[in-house]
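Biologist: Please take me through this structure, and set each descriptive word against the definition behind it.

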Amino acid sequence: NLLIDLTERPKELLLELDAMYAKFGENWAPLGAAADTSHLLPLFAPVPDTELRVVLRLWQEAFEWSYFNDVLVGIRQSVCPPAGMRKSFQGLFCIDDREYSFRRHIESVVPDCQTFGTPGFFGVEFYFQPENGKFYTKACPAPVTPGFLIKESGRKYNHKKDYHLSKPTHGLVRGWLMSNTLGFGSALKMMAGVFKPSVTPATAYSFGHMDKHSVLTIDSTGLAENGLKVGFTHEEMALRVGNVLKSIGLTDDFARIVYIVGHGGSSTNNPYYAGYDCGACCGRPGAVNARVFSYMANKPEVRQLLSEQGVNIPDETVFIGAMQDTTRDEIEFYDDAVHDPHVRDLHSKYQGYFQEALQLNARERSARFDAMDTGQPISKIHRAIKKRSVSLFEPRPEWNHTANALCLIGGRSLYGHLYLDKRPFINSYDHARDPEGTYLLSILDAAFPVCAGINLEYYFSRVDQQSLGSGTKLPHNVVGLFAVANGIEGDLRPGLPSQMIEIHDPVRMHFIIEQQPEIALRALMANPRTYGMVLNEWVLVSVKEPGTGQIYCFENGEFHRFAATGETLGTVSGEQELIPFYSDHTPVLINP
(Lines give C-alpha, C1' and ligand atoms only; values in the text may rest on other atoms or scores of the structure.)
Protein backbone atom coordinates (compact mmCIF):
# COMPACT_ATOMS: atom_id res chain seq x y z
CA ASN A 1 0.00 0.00 0.00
CA LEU A 2 1.21 3.52 -0.81
CA LEU A 3 0.64 6.54 1.38
CA ILE A 4 -1.84 8.93 -0.20
CA ASP A 5 -0.72 12.53 0.16
CA LEU A 6 -3.89 14.61 0.06
CA THR A 7 -1.98 17.56 -1.39
CA GLU A 8 -1.37 15.64 -4.64
CA ARG A 9 -3.58 13.84 -7.10
CA PRO A 10 -4.71 10.62 -5.36
CA LYS A 11 -4.27 7.25 -7.04
CA GLU A 12 -7.21 4.88 -7.10
CA LEU A 13 -5.88 1.83 -5.22
CA LEU A 14 -9.21 0.53 -3.97
CA LEU A 15 -9.14 -2.62 -6.10
CA GLU A 16 -5.61 -3.49 -5.00
CA LEU A 17 -6.52 -2.95 -1.36
CA ASP A 18 -9.58 -5.16 -1.77
CA ALA A 19 -7.46 -7.91 -3.31
CA MET A 20 -4.96 -7.73 -0.42
CA TYR A 21 -7.70 -7.97 2.20
CA ALA A 22 -9.28 -10.88 0.30
CA LYS A 23 -5.94 -12.72 0.23
CA PHE A 24 -4.54 -11.96 3.70
CA GLY A 25 -7.55 -10.81 5.70
CA GLU A 26 -6.52 -8.42 8.45
CA ASN A 27 -3.10 -10.01 8.88
CA TRP A 28 -0.99 -7.78 6.71
CA ALA A 29 0.69 -4.48 7.35
CA PRO A 30 0.72 -1.71 4.74
CA LEU A 31 4.14 -0.39 3.85
CA GLY A 32 3.01 2.99 5.07
CA ALA A 33 2.69 1.68 8.63
CA ALA A 34 6.43 2.19 9.07
CA ALA A 35 6.58 5.52 7.27
CA ASP A 36 6.64 8.98 8.78
CA THR A 37 3.11 10.39 8.40
CA SER A 38 3.55 13.46 10.59
CA HIS A 39 3.38 15.78 7.58
CA LEU A 40 0.00 14.43 6.47
CA LEU A 41 -3.34 15.80 7.65
CA PRO A 42 -5.95 13.36 8.97
CA LEU A 43 -8.55 12.74 6.28
CA PHE A 44 -11.37 14.62 8.05
CA ALA A 45 -9.33 17.21 9.91
CA PRO A 46 -10.59 20.80 9.80
CA VAL A 47 -9.01 22.74 6.95
CA PRO A 48 -7.17 25.85 8.12
CA ASP A 49 -9.02 29.04 7.13
CA THR A 50 -6.15 30.80 5.39
CA GLU A 51 -6.36 34.15 3.66
CA LEU A 52 -6.37 32.40 0.28
CA ARG A 53 -9.31 30.21 1.29
CA VAL A 54 -11.26 33.24 2.51
CA VAL A 55 -10.70 35.03 -0.79
CA LEU A 56 -11.70 31.95 -2.79
CA ARG A 57 -14.84 31.52 -0.69
CA LEU A 58 -15.82 35.16 -1.26
CA TRP A 59 -15.30 34.79 -5.00
CA GLN A 60 -17.38 31.61 -5.06
CA GLU A 61 -20.25 33.18 -3.12
CA ALA A 62 -20.17 36.32 -5.26
CA PHE A 63 -20.28 34.19 -8.39
CA GLU A 64 -23.23 32.16 -7.11
CA TRP A 65 -25.25 35.10 -5.83
CA SER A 66 -24.81 37.11 -9.00
CA TYR A 67 -27.28 34.55 -10.38
CA PHE A 68 -29.29 33.54 -7.29
CA ASN A 69 -30.11 37.16 -6.44
CA ASP A 70 -31.99 37.57 -9.72
CA VAL A 71 -33.75 34.23 -9.25
CA LEU A 72 -35.06 35.20 -5.82
CA VAL A 73 -36.05 38.68 -7.03
CA GLY A 74 -38.05 37.08 -9.83
CA ILE A 75 -39.65 34.48 -7.58
CA ARG A 76 -40.70 37.18 -5.14
CA GLN A 77 -42.81 38.69 -7.95
CA SER A 78 -45.55 36.11 -7.60
CA VAL A 79 -48.13 35.67 -10.34
CA CYS A 80 -51.26 33.68 -9.46
CA PRO A 81 -52.58 31.52 -12.32
CA PRO A 82 -56.24 31.98 -13.28
CA ALA A 83 -58.55 29.83 -11.17
CA GLY A 84 -61.11 27.36 -12.45
CA MET A 85 -59.73 27.12 -16.02
CA ARG A 86 -60.68 23.90 -17.78
CA LYS A 87 -57.61 21.75 -18.57
CA SER A 88 -57.29 20.14 -21.96
CA PHE A 89 -54.94 17.54 -20.47
CA GLN A 90 -52.56 17.16 -17.55
CA GLY A 91 -49.07 15.72 -17.45
CA LEU A 92 -46.74 14.46 -14.73
CA PHE A 93 -43.09 14.80 -15.68
CA CYS A 94 -39.81 14.08 -13.94
CA ILE A 95 -38.28 16.93 -11.93
CA ASP A 96 -35.29 16.74 -14.31
CA ASP A 97 -34.00 20.08 -15.64
CA ARG A 98 -34.27 18.73 -19.20
CA GLU A 99 -37.96 18.04 -18.63
CA TYR A 100 -38.45 21.64 -17.51
CA SER A 101 -37.69 22.94 -21.01
CA PHE A 102 -39.98 20.31 -22.55
CA ARG A 103 -42.77 21.34 -20.17
CA ARG A 104 -42.25 25.00 -21.12
CA HIS A 105 -42.74 24.20 -24.78
CA ILE A 106 -45.82 22.05 -24.17
CA GLU A 107 -47.38 24.84 -22.14
CA SER A 108 -46.59 27.34 -24.91
CA VAL A 109 -48.17 25.10 -27.56
CA VAL A 110 -51.20 24.21 -25.39
CA PRO A 111 -51.77 27.09 -22.93
CA ASP A 112 -54.77 25.37 -21.31
CA CYS A 113 -52.84 22.22 -20.33
CA GLN A 114 -51.44 21.67 -16.85
CA THR A 115 -48.08 20.06 -16.05
CA PHE A 116 -46.53 18.86 -12.81
CA GLY A 117 -43.04 17.79 -11.75
CA THR A 118 -42.27 14.84 -9.48
CA PRO A 119 -39.29 12.45 -9.20
CA GLY A 120 -39.33 10.31 -12.34
CA PHE A 121 -39.78 6.97 -10.61
CA PHE A 122 -43.31 8.27 -9.80
CA GLY A 123 -43.28 6.90 -6.29
CA VAL A 124 -43.26 3.24 -7.36
CA GLU A 125 -40.09 1.53 -6.19
CA PHE A 126 -39.21 -1.87 -7.64
CA TYR A 127 -36.67 -3.97 -9.45
CA PHE A 128 -37.36 -4.66 -13.12
CA GLN A 129 -36.52 -7.85 -14.98
CA PRO A 130 -36.91 -7.56 -18.76
CA GLU A 131 -37.86 -10.67 -20.67
CA ASN A 132 -34.84 -12.97 -21.04
CA GLY A 133 -32.94 -10.72 -18.66
CA LYS A 134 -30.64 -12.50 -16.21
CA PHE A 135 -30.43 -9.61 -13.76
CA TYR A 136 -32.76 -7.24 -11.96
CA THR A 137 -32.37 -3.52 -12.60
CA LYS A 138 -33.27 -1.02 -9.91
CA ALA A 139 -35.94 1.52 -10.90
CA CYS A 140 -35.95 4.01 -8.02
CA PRO A 141 -33.51 6.43 -6.31
CA ALA A 142 -30.25 4.86 -5.15
CA PRO A 143 -30.90 5.28 -1.37
CA VAL A 144 -34.23 3.39 -1.67
CA THR A 145 -34.23 -0.40 -1.23
CA PRO A 146 -37.23 -1.84 -3.11
CA GLY A 147 -39.14 -4.88 -1.93
CA PHE A 148 -40.99 -5.48 -5.20
CA LEU A 149 -40.23 -7.02 -8.59
CA ILE A 150 -41.86 -6.21 -11.94
CA LYS A 151 -41.30 -8.84 -14.64
CA GLU A 152 -41.71 -8.44 -18.38
CA SER A 153 -42.97 -11.10 -20.79
CA GLY A 154 -44.39 -11.34 -24.29
CA ARG A 155 -42.03 -8.94 -26.06
CA LYS A 156 -43.07 -8.35 -29.65
CA TYR A 157 -39.99 -6.28 -30.44
CA ASN A 158 -36.44 -7.26 -29.63
CA HIS A 159 -33.63 -4.78 -30.07
CA LYS A 160 -31.70 -6.16 -33.04
CA LYS A 161 -28.34 -7.65 -32.18
CA ASP A 162 -25.42 -8.51 -34.43
CA TYR A 163 -24.21 -12.06 -34.09
CA HIS A 164 -20.58 -10.96 -33.93
CA LEU A 165 -21.39 -9.13 -30.68
CA SER A 166 -22.87 -12.24 -29.06
CA LYS A 167 -21.40 -14.57 -26.42
CA PRO A 168 -19.98 -17.21 -28.82
CA THR A 169 -17.46 -14.64 -30.08
CA HIS A 170 -15.73 -14.78 -26.69
CA GLY A 171 -14.36 -18.26 -27.38
CA LEU A 172 -10.88 -18.82 -28.81
CA VAL A 173 -11.82 -20.70 -32.00
CA ARG A 174 -15.21 -19.23 -32.82
CA GLY A 175 -14.04 -15.79 -31.80
CA TRP A 176 -11.13 -16.00 -34.25
CA LEU A 177 -13.34 -17.29 -37.06
CA MET A 178 -16.05 -14.68 -36.56
CA SER A 179 -13.57 -11.83 -36.29
CA ASN A 180 -12.07 -12.79 -39.63
CA THR A 181 -15.43 -13.28 -41.36
CA LEU A 182 -18.30 -11.35 -39.78
CA GLY A 183 -15.83 -8.76 -38.53
CA PHE A 184 -15.34 -7.40 -42.05
CA GLY A 185 -19.07 -6.78 -42.36
CA SER A 186 -19.05 -5.10 -38.98
CA ALA A 187 -16.27 -2.77 -40.07
CA LEU A 188 -18.17 -1.80 -43.19
CA LYS A 189 -21.33 -1.12 -41.19
CA MET A 190 -19.35 1.01 -38.75
CA MET A 191 -17.90 3.05 -41.59
CA ALA A 192 -21.37 3.53 -43.06
CA GLY A 193 -22.59 4.67 -39.63
CA VAL A 194 -20.02 7.47 -39.61
CA PHE A 195 -21.61 9.04 -42.68
CA LYS A 196 -25.22 8.03 -42.00
CA PRO A 197 -25.78 7.61 -38.24
CA SER A 198 -28.74 5.46 -37.20
CA VAL A 199 -29.87 3.22 -34.34
CA THR A 200 -27.73 0.05 -34.40
CA PRO A 201 -27.16 -2.90 -32.05
CA ALA A 202 -24.30 -0.89 -30.53
CA THR A 203 -26.70 1.92 -29.56
CA ALA A 204 -27.87 2.31 -25.98
CA TYR A 205 -31.45 2.83 -27.15
CA SER A 206 -33.85 4.10 -24.49
CA PHE A 207 -36.97 2.63 -26.10
CA GLY A 208 -35.37 -0.82 -26.08
CA HIS A 209 -35.37 -0.94 -22.27
CA MET A 210 -38.99 -2.13 -22.31
CA ASP A 211 -41.20 -3.21 -25.20
CA LYS A 212 -44.39 -1.14 -25.26
CA HIS A 213 -46.37 -4.22 -26.35
CA SER A 214 -45.07 -6.54 -23.65
CA VAL A 215 -46.92 -7.66 -20.52
CA LEU A 216 -45.79 -6.49 -17.07
CA THR A 217 -46.61 -8.35 -13.84
CA ILE A 218 -47.91 -5.32 -11.97
CA ASP A 219 -50.71 -7.06 -10.07
CA SER A 220 -49.56 -9.09 -7.10
CA THR A 221 -49.07 -12.78 -7.86
CA GLY A 222 -48.69 -13.74 -4.20
CA LEU A 223 -45.25 -15.11 -5.07
CA ALA A 224 -41.77 -13.97 -4.16
CA GLU A 225 -38.41 -14.23 -5.91
CA ASN A 226 -35.16 -13.70 -4.07
CA GLY A 227 -36.99 -12.00 -1.24
CA LEU A 228 -38.92 -9.65 -3.56
CA LYS A 229 -42.72 -9.64 -3.90
CA VAL A 230 -43.78 -10.03 -7.52
CA GLY A 231 -46.28 -7.25 -8.21
CA PHE A 232 -48.29 -4.95 -5.92
CA THR A 233 -51.57 -5.44 -4.07
CA HIS A 234 -54.37 -2.90 -4.55
CA GLU A 235 -53.62 -1.36 -1.16
CA GLU A 236 -49.93 -1.00 -2.04
CA MET A 237 -50.86 0.57 -5.37
CA ALA A 238 -53.27 3.07 -3.78
CA LEU A 239 -50.66 4.09 -1.20
CA ARG A 240 -48.09 4.97 -3.86
CA VAL A 241 -50.44 6.64 -6.32
CA GLY A 242 -52.07 8.63 -3.51
CA ASN A 243 -48.73 9.78 -2.09
CA VAL A 244 -47.61 11.19 -5.44
CA LEU A 245 -50.90 12.88 -6.33
CA LYS A 246 -51.31 14.44 -2.90
CA SER A 247 -47.70 15.65 -2.77
CA ILE A 248 -48.12 17.62 -6.03
CA GLY A 249 -51.60 18.86 -5.07
CA LEU A 250 -53.53 16.94 -7.73
CA THR A 251 -56.43 15.41 -5.78
CA ASP A 252 -59.41 16.68 -7.80
CA ASP A 253 -60.24 18.59 -11.00
CA PHE A 254 -58.67 15.87 -13.15
CA ALA A 255 -58.58 16.32 -16.93
CA ARG A 256 -59.92 13.65 -19.28
CA ILE A 257 -56.36 12.48 -20.01
CA VAL A 258 -53.44 12.54 -17.57
CA TYR A 259 -50.05 11.72 -19.10
CA ILE A 260 -47.29 10.17 -16.97
CA VAL A 261 -44.07 10.99 -18.82
CA GLY A 262 -40.77 9.39 -17.91
CA HIS A 263 -37.52 10.05 -19.76
CA GLY A 264 -34.39 8.33 -21.01
CA GLY A 265 -31.62 8.91 -23.52
CA SER A 266 -29.97 7.17 -26.45
CA SER A 267 -26.32 7.33 -27.43
CA THR A 268 -23.62 5.31 -29.18
CA ASN A 269 -20.08 4.57 -28.04
CA ASN A 270 -20.58 6.43 -24.79
CA PRO A 271 -19.37 5.04 -21.43
CA TYR A 272 -21.50 7.64 -19.63
CA TYR A 273 -24.81 6.75 -21.27
CA ALA A 274 -26.51 5.99 -17.94
CA GLY A 275 -26.04 9.66 -17.06
CA TYR A 276 -28.47 10.52 -19.86
CA ASP A 277 -31.24 8.43 -18.31
CA CYS A 278 -33.32 9.19 -15.22
CA GLY A 279 -31.41 9.71 -11.96
CA ALA A 280 -34.57 8.98 -9.95
CA CYS A 281 -34.73 5.58 -11.71
CA CYS A 282 -31.14 4.79 -10.70
CA GLY A 283 -29.74 5.72 -14.11
CA ARG A 284 -32.31 3.80 -16.19
CA PRO A 285 -35.04 5.00 -18.56
CA GLY A 286 -38.32 5.86 -16.81
CA ALA A 287 -40.58 3.96 -19.22
CA VAL A 288 -41.43 1.10 -16.86
CA ASN A 289 -42.24 3.44 -13.97
CA ALA A 290 -44.52 5.59 -16.13
CA ARG A 291 -46.37 2.55 -17.40
CA VAL A 292 -46.67 0.97 -13.95
CA PHE A 293 -48.01 4.16 -12.35
CA SER A 294 -50.59 4.62 -15.15
CA TYR A 295 -51.75 1.03 -14.80
CA MET A 296 -52.18 1.44 -11.05
CA ALA A 297 -54.07 4.75 -11.37
CA ASN A 298 -56.44 3.27 -13.99
CA LYS A 299 -57.56 0.35 -11.82
CA PRO A 300 -61.13 0.83 -10.43
CA GLU A 301 -60.16 -0.93 -7.18
CA VAL A 302 -57.30 1.50 -6.65
CA ARG A 303 -59.51 4.50 -7.39
CA GLN A 304 -62.03 3.31 -4.83
CA LEU A 305 -59.32 3.16 -2.19
CA LEU A 306 -58.03 6.56 -3.27
CA SER A 307 -61.46 8.13 -2.89
CA GLU A 308 -61.35 7.13 0.78
CA GLN A 309 -58.11 9.14 1.03
CA GLY A 310 -59.69 12.25 -0.52
CA VAL A 311 -58.27 11.69 -4.03
CA ASN A 312 -61.27 11.66 -6.37
CA ILE A 313 -60.42 10.47 -9.88
CA PRO A 314 -63.45 10.53 -12.23
CA ASP A 315 -64.36 7.32 -14.02
CA GLU A 316 -63.80 8.94 -17.42
CA THR A 317 -60.23 10.05 -16.61
CA VAL A 318 -57.55 7.91 -18.27
CA PHE A 319 -53.88 7.81 -17.31
CA ILE A 320 -51.48 7.22 -20.21
CA GLY A 321 -47.83 6.36 -19.68
CA ALA A 322 -45.13 7.74 -21.97
CA MET A 323 -41.39 8.25 -22.22
CA GLN A 324 -39.41 11.07 -23.82
CA ASP A 325 -35.97 10.39 -25.25
CA THR A 326 -34.08 13.57 -24.30
CA THR A 327 -31.20 13.07 -26.73
CA ARG A 328 -33.48 12.45 -29.73
CA ASP A 329 -36.52 14.53 -28.68
CA GLU A 330 -38.85 11.65 -29.43
CA ILE A 331 -41.71 10.25 -27.36
CA GLU A 332 -43.41 6.86 -27.08
CA PHE A 333 -46.87 6.37 -25.54
CA TYR A 334 -48.09 3.32 -23.64
CA ASP A 335 -51.76 3.78 -24.48
CA ASP A 336 -53.02 0.20 -24.35
CA ALA A 337 -55.62 1.23 -21.73
CA VAL A 338 -57.34 3.68 -24.10
CA HIS A 339 -60.57 2.07 -25.31
CA ASP A 340 -63.03 4.99 -25.42
CA PRO A 341 -63.21 6.32 -29.04
CA HIS A 342 -63.54 9.91 -27.79
CA VAL A 343 -60.42 9.56 -25.63
CA ARG A 344 -58.57 8.02 -28.58
CA ASP A 345 -59.46 11.01 -30.74
CA LEU A 346 -58.28 13.41 -28.01
CA HIS A 347 -55.09 11.40 -27.52
CA SER A 348 -54.36 11.48 -31.25
CA LYS A 349 -54.85 15.26 -31.25
CA TYR A 350 -52.61 15.75 -28.20
CA GLN A 351 -49.85 13.60 -29.70
CA GLY A 352 -49.53 16.23 -32.41
CA TYR A 353 -49.03 18.88 -29.71
CA PHE A 354 -46.33 16.77 -28.08
CA GLN A 355 -44.52 16.41 -31.41
CA GLU A 356 -44.62 20.17 -31.96
CA ALA A 357 -43.24 20.78 -28.46
CA LEU A 358 -40.46 18.24 -29.07
CA GLN A 359 -39.40 20.04 -32.24
CA LEU A 360 -39.28 23.34 -30.37
CA ASN A 361 -37.23 21.68 -27.64
CA ALA A 362 -34.82 20.27 -30.24
CA ARG A 363 -34.41 23.75 -31.71
CA GLU A 364 -33.69 25.24 -28.29
CA ARG A 365 -31.06 22.59 -27.54
CA SER A 366 -29.45 23.00 -30.97
CA ALA A 367 -28.24 26.52 -30.16
CA ARG A 368 -25.61 25.12 -27.80
CA PHE A 369 -24.14 22.78 -30.40
CA ASP A 370 -21.49 24.64 -32.38
CA ALA A 371 -21.94 22.56 -35.52
CA MET A 372 -25.71 23.10 -35.72
CA ASP A 373 -27.32 25.74 -37.92
CA THR A 374 -30.23 27.10 -35.87
CA GLY A 375 -31.46 29.16 -38.82
CA GLN A 376 -32.57 26.17 -40.90
CA PRO A 377 -36.17 24.85 -40.83
CA ILE A 378 -37.16 23.30 -37.53
CA SER A 379 -37.86 19.89 -39.09
CA LYS A 380 -34.27 19.73 -40.41
CA ILE A 381 -32.93 20.70 -36.98
CA HIS A 382 -34.91 17.88 -35.42
CA ARG A 383 -33.57 15.34 -37.92
CA ALA A 384 -30.02 16.55 -37.26
CA ILE A 385 -30.56 16.22 -33.50
CA LYS A 386 -31.71 12.61 -33.93
CA LYS A 387 -28.67 11.76 -36.07
CA ARG A 388 -26.38 13.45 -33.56
CA SER A 389 -27.75 11.28 -30.74
CA VAL A 390 -26.49 8.04 -32.31
CA SER A 391 -23.42 9.32 -34.14
CA LEU A 392 -20.37 7.16 -33.51
CA PHE A 393 -18.00 10.14 -33.38
CA GLU A 394 -20.20 12.55 -31.42
CA PRO A 395 -18.91 13.00 -27.83
CA ARG A 396 -21.84 15.27 -26.88
CA PRO A 397 -25.18 13.70 -27.84
CA GLU A 398 -26.65 16.29 -25.47
CA TRP A 399 -25.38 18.63 -22.74
CA ASN A 400 -27.32 16.62 -20.13
CA HIS A 401 -27.53 18.51 -16.79
CA THR A 402 -25.07 21.23 -17.75
CA ALA A 403 -26.11 24.54 -16.11
CA ASN A 404 -28.17 22.88 -13.35
CA ALA A 405 -28.39 25.31 -10.43
CA LEU A 406 -31.89 25.28 -8.91
CA CYS A 407 -34.46 22.95 -7.40
CA LEU A 408 -37.85 24.64 -7.09
CA ILE A 409 -40.41 23.01 -4.80
CA GLY A 410 -43.80 24.66 -5.12
CA GLY A 411 -46.69 25.53 -7.43
CA ARG A 412 -46.51 27.07 -10.88
CA SER A 413 -47.05 30.52 -9.38
CA LEU A 414 -43.53 30.19 -7.97
CA TYR A 415 -41.82 30.09 -11.37
CA GLY A 416 -44.38 30.20 -14.21
CA HIS A 417 -43.80 33.90 -14.94
CA LEU A 418 -40.03 33.44 -15.26
CA TYR A 419 -37.73 32.23 -18.02
CA LEU A 420 -35.07 30.16 -16.25
CA ASP A 421 -33.22 28.70 -19.22
CA LYS A 422 -32.64 24.95 -18.63
CA ARG A 423 -31.34 25.38 -15.09
CA PRO A 424 -34.02 24.25 -12.59
CA PHE A 425 -35.22 20.93 -11.33
CA ILE A 426 -38.91 21.42 -10.50
CA ASN A 427 -40.96 19.43 -8.00
CA SER A 428 -44.61 20.46 -7.84
CA TYR A 429 -45.89 20.99 -4.32
CA ASP A 430 -49.05 22.50 -2.84
CA HIS A 431 -48.22 24.01 0.54
CA ALA A 432 -51.93 24.60 1.30
CA ARG A 433 -52.56 20.85 1.36
CA ASP A 434 -49.58 20.17 3.61
CA PRO A 435 -49.89 22.23 6.82
CA GLU A 436 -47.61 19.88 8.79
CA GLY A 437 -44.92 19.49 6.12
CA THR A 438 -45.45 15.74 5.81
CA TYR A 439 -45.37 15.69 2.02
CA LEU A 440 -42.56 18.22 1.95
CA LEU A 441 -40.44 15.82 3.99
CA SER A 442 -41.02 12.98 1.51
CA ILE A 443 -40.21 15.33 -1.40
CA LEU A 444 -36.96 16.44 0.24
CA ASP A 445 -36.00 12.83 0.99
CA ALA A 446 -36.29 12.01 -2.74
CA ALA A 447 -35.13 15.28 -4.30
CA PHE A 448 -32.07 15.99 -2.15
CA PRO A 449 -30.00 12.90 -2.94
CA VAL A 450 -30.89 13.04 -6.65
CA CYS A 451 -30.64 16.78 -7.37
CA ALA A 452 -27.83 17.61 -4.94
CA GLY A 453 -25.89 14.53 -6.02
CA ILE A 454 -26.10 15.51 -9.69
CA ASN A 455 -25.17 19.10 -8.91
CA LEU A 456 -22.12 18.21 -6.80
CA GLU A 457 -20.91 15.77 -9.43
CA TYR A 458 -20.98 18.58 -12.00
CA TYR A 459 -19.56 21.11 -9.55
CA PHE A 460 -16.46 19.14 -8.59
CA SER A 461 -15.85 17.91 -12.13
CA ARG A 462 -15.89 21.52 -13.31
CA VAL A 463 -13.69 23.11 -10.64
CA ASP A 464 -10.95 20.43 -10.89
CA GLN A 465 -11.40 18.47 -14.08
CA GLN A 466 -8.19 16.44 -13.86
CA SER A 467 -8.36 15.36 -10.22
CA LEU A 468 -12.10 15.30 -9.49
CA GLY A 469 -13.43 14.93 -13.03
CA SER A 470 -12.20 12.48 -15.61
CA GLY A 471 -10.64 14.47 -18.43
CA THR A 472 -11.69 13.85 -22.02
CA LYS A 473 -13.78 10.72 -22.46
CA LEU A 474 -12.29 9.84 -25.85
CA PRO A 475 -9.62 7.41 -24.47
CA HIS A 476 -11.83 6.01 -21.69
CA ASN A 477 -12.32 2.27 -21.26
CA VAL A 478 -15.06 0.83 -19.08
CA VAL A 479 -13.69 -1.18 -16.14
CA GLY A 480 -15.89 -3.83 -14.59
CA LEU A 481 -19.09 -1.95 -15.49
CA PHE A 482 -18.54 0.38 -12.53
CA ALA A 483 -15.78 2.82 -13.56
CA VAL A 484 -13.70 4.14 -16.43
CA ALA A 485 -9.94 4.35 -16.92
CA ASN A 486 -7.68 6.14 -19.39
CA GLY A 487 -6.50 3.46 -21.78
CA ILE A 488 -5.78 -0.02 -20.48
CA GLU A 489 -3.44 0.87 -17.62
CA GLY A 490 -4.67 4.27 -16.45
CA ASP A 491 -6.14 5.16 -13.08
CA LEU A 492 -9.82 4.83 -12.37
CA ARG A 493 -11.34 8.22 -13.05
CA PRO A 494 -13.90 9.82 -10.74
CA GLY A 495 -16.38 12.44 -11.86
CA LEU A 496 -17.55 13.55 -15.28
CA PRO A 497 -15.65 14.07 -18.56
CA SER A 498 -14.90 17.46 -20.03
CA GLN A 499 -17.48 16.91 -22.79
CA MET A 500 -20.27 17.11 -20.18
CA ILE A 501 -19.13 20.09 -18.11
CA GLU A 502 -17.30 22.50 -20.43
CA ILE A 503 -20.05 25.13 -20.32
CA HIS A 504 -21.26 24.37 -16.78
CA ASP A 505 -21.20 27.14 -14.16
CA PRO A 506 -19.86 25.61 -10.89
CA VAL A 507 -22.52 26.78 -8.45
CA ARG A 508 -24.09 24.85 -5.61
CA MET A 509 -27.67 23.64 -5.88
CA HIS A 510 -30.14 26.19 -4.50
CA PHE A 511 -33.35 24.65 -3.17
CA ILE A 512 -36.24 27.16 -3.12
CA ILE A 513 -39.34 25.98 -1.25
CA GLU A 514 -42.82 27.49 -1.15
CA GLN A 515 -43.79 27.03 2.51
CA GLN A 516 -43.73 28.71 5.91
CA PRO A 517 -40.09 28.98 7.10
CA GLU A 518 -40.74 27.14 10.37
CA ILE A 519 -42.46 24.24 8.58
CA ALA A 520 -39.68 24.01 6.00
CA LEU A 521 -37.02 24.07 8.73
CA ARG A 522 -38.79 21.30 10.62
CA ALA A 523 -38.93 19.16 7.46
CA LEU A 524 -35.24 19.77 6.76
CA MET A 525 -34.21 18.84 10.30
CA ALA A 526 -36.34 15.67 10.30
CA ASN A 527 -33.78 13.89 8.13
CA PRO A 528 -30.23 14.16 9.55
CA ARG A 529 -28.66 13.37 6.17
CA THR A 530 -30.63 16.12 4.45
CA TYR A 531 -30.05 18.63 7.23
CA GLY A 532 -26.34 17.85 7.29
CA MET A 533 -26.03 18.83 3.64
CA VAL A 534 -27.78 22.13 4.36
CA LEU A 535 -25.95 22.90 7.60
CA ASN A 536 -22.55 22.18 6.06
CA GLU A 537 -23.39 24.29 2.98
CA TRP A 538 -23.17 21.56 0.36
CA VAL A 539 -26.43 23.06 -0.90
CA LEU A 540 -28.26 26.36 -0.34
CA VAL A 541 -31.88 26.64 0.79
CA SER A 542 -34.41 29.49 0.66
CA VAL A 543 -38.15 29.61 1.25
CA LYS A 544 -40.91 31.81 -0.08
CA GLU A 545 -43.49 32.49 2.59
CA PRO A 546 -47.04 32.00 1.25
CA GLY A 547 -49.26 35.01 1.66
CA THR A 548 -46.55 37.62 2.21
CA GLY A 549 -44.29 36.53 -0.65
CA GLN A 550 -41.26 37.27 1.51
CA ILE A 551 -38.08 35.30 0.82
CA TYR A 552 -35.98 33.82 3.63
CA CYS A 553 -32.52 32.27 3.19
CA PHE A 554 -31.02 29.59 5.44
CA GLU A 555 -27.84 30.47 7.29
CA ASN A 556 -26.28 29.07 10.48
CA GLY A 557 -29.27 26.95 11.46
CA GLU A 558 -32.09 29.43 10.80
CA PHE A 559 -33.83 31.43 8.09
CA HIS A 560 -33.04 35.13 7.58
CA ARG A 561 -34.93 37.62 5.45
CA PHE A 562 -33.47 37.99 1.95
CA ALA A 563 -32.07 41.42 1.05
CA ALA A 564 -31.73 41.86 -2.71
CA THR A 565 -28.69 43.59 -4.22
CA GLY A 566 -30.63 44.48 -7.38
CA GLU A 567 -34.29 44.51 -8.36
CA THR A 568 -34.42 44.94 -12.14
CA LEU A 569 -34.94 41.97 -14.45
CA GLY A 570 -35.21 41.94 -18.23
CA THR A 571 -38.28 40.67 -20.06
CA VAL A 572 -38.81 38.37 -23.00
CA SER A 573 -42.01 38.00 -25.01
CA GLY A 574 -41.23 34.42 -26.05
CA GLU A 575 -38.25 32.15 -25.55
CA GLN A 576 -37.96 31.43 -29.28
CA GLU A 577 -36.55 34.92 -29.83
CA LEU A 578 -33.61 33.98 -27.56
CA ILE A 579 -32.45 30.99 -29.57
CA PRO A 580 -30.13 32.84 -32.02
CA PHE A 581 -28.28 34.27 -28.98
CA TYR A 582 -28.47 31.19 -26.79
CA SER A 583 -24.96 29.71 -26.86
CA ASP A 584 -24.34 30.84 -23.28
CA HIS A 585 -26.56 30.65 -20.20
CA THR A 586 -29.45 33.09 -20.43
CA PRO A 587 -30.07 35.44 -17.48
CA VAL A 588 -33.25 35.32 -15.44
CA LEU A 589 -36.02 36.99 -17.44
CA ILE A 590 -39.68 37.83 -16.90
CA ASN A 591 -41.80 35.91 -19.41
CA PRO A 592 -45.34 37.34 -19.03
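**Fold and one helix pair**

Modeller: Of the contacts (heavy atoms within 4.5 Å) in the protein between residues at least 6 apart in sequence, 72% join residues at least 24 apart. This is a predicted model, in which local features need pLDDT of at least 70 and side-chain atom pairs count only at pLDDT 80 or more, whereas totals for chains, interfaces and linings use all residues. Residues are numbered from 1 along each chain as its sequence is written, and side-chain values use heavy atoms, with hydrogens and water left out.

Biologist: What makes the protein as compact as a globular protein of that length?

Modeller: The globule rule (2.2 Å times the number of residues to the power 0.38, with the radius of gyration taken over C-alpha atoms) gives 25 Å for 592 residues, and the radius of gyration of the protein is 25 Å, so the protein is as compact as a globular protein of that length. Buried residues, meaning those under 20% relative accessible area with a 1.4 Å probe and protein chains only, make up 51% of the 592.

Biologist: Why is α6 called oblique to α8?

Modeller: The axes of α6 (residues 234–247) and α8 (residues 300–308), which are lines fitted to C-alpha atoms over the stretch in contact, come within 9 Å and cross at roughly 60°. That makes α6 oblique to α8, because oblique is what remains once angles under 35 degrees count as roughly parallel, over 145 as roughly antiparallel and 65 to 115 as roughly perpendicular.

Biologist: Which residues of α6 and α8 meet?

Modeller: His234, Glu235, Met237, Ala238, Val241 and Gly242 in α6 meet Glu301, Val302, Leu305 and Leu306 in α8.

Technical notes. Axes fitted to C-alpha atoms, helices over the stretch in contact; angles between N-to-C directions. Helix = DSSP H or I, 4+ residues; strand = E, 2+ residues; numbered from the N terminus. Buried < 20%, exposed > 50% of the residue type's maximum accessible area, 1.4 Å probe, protein only.
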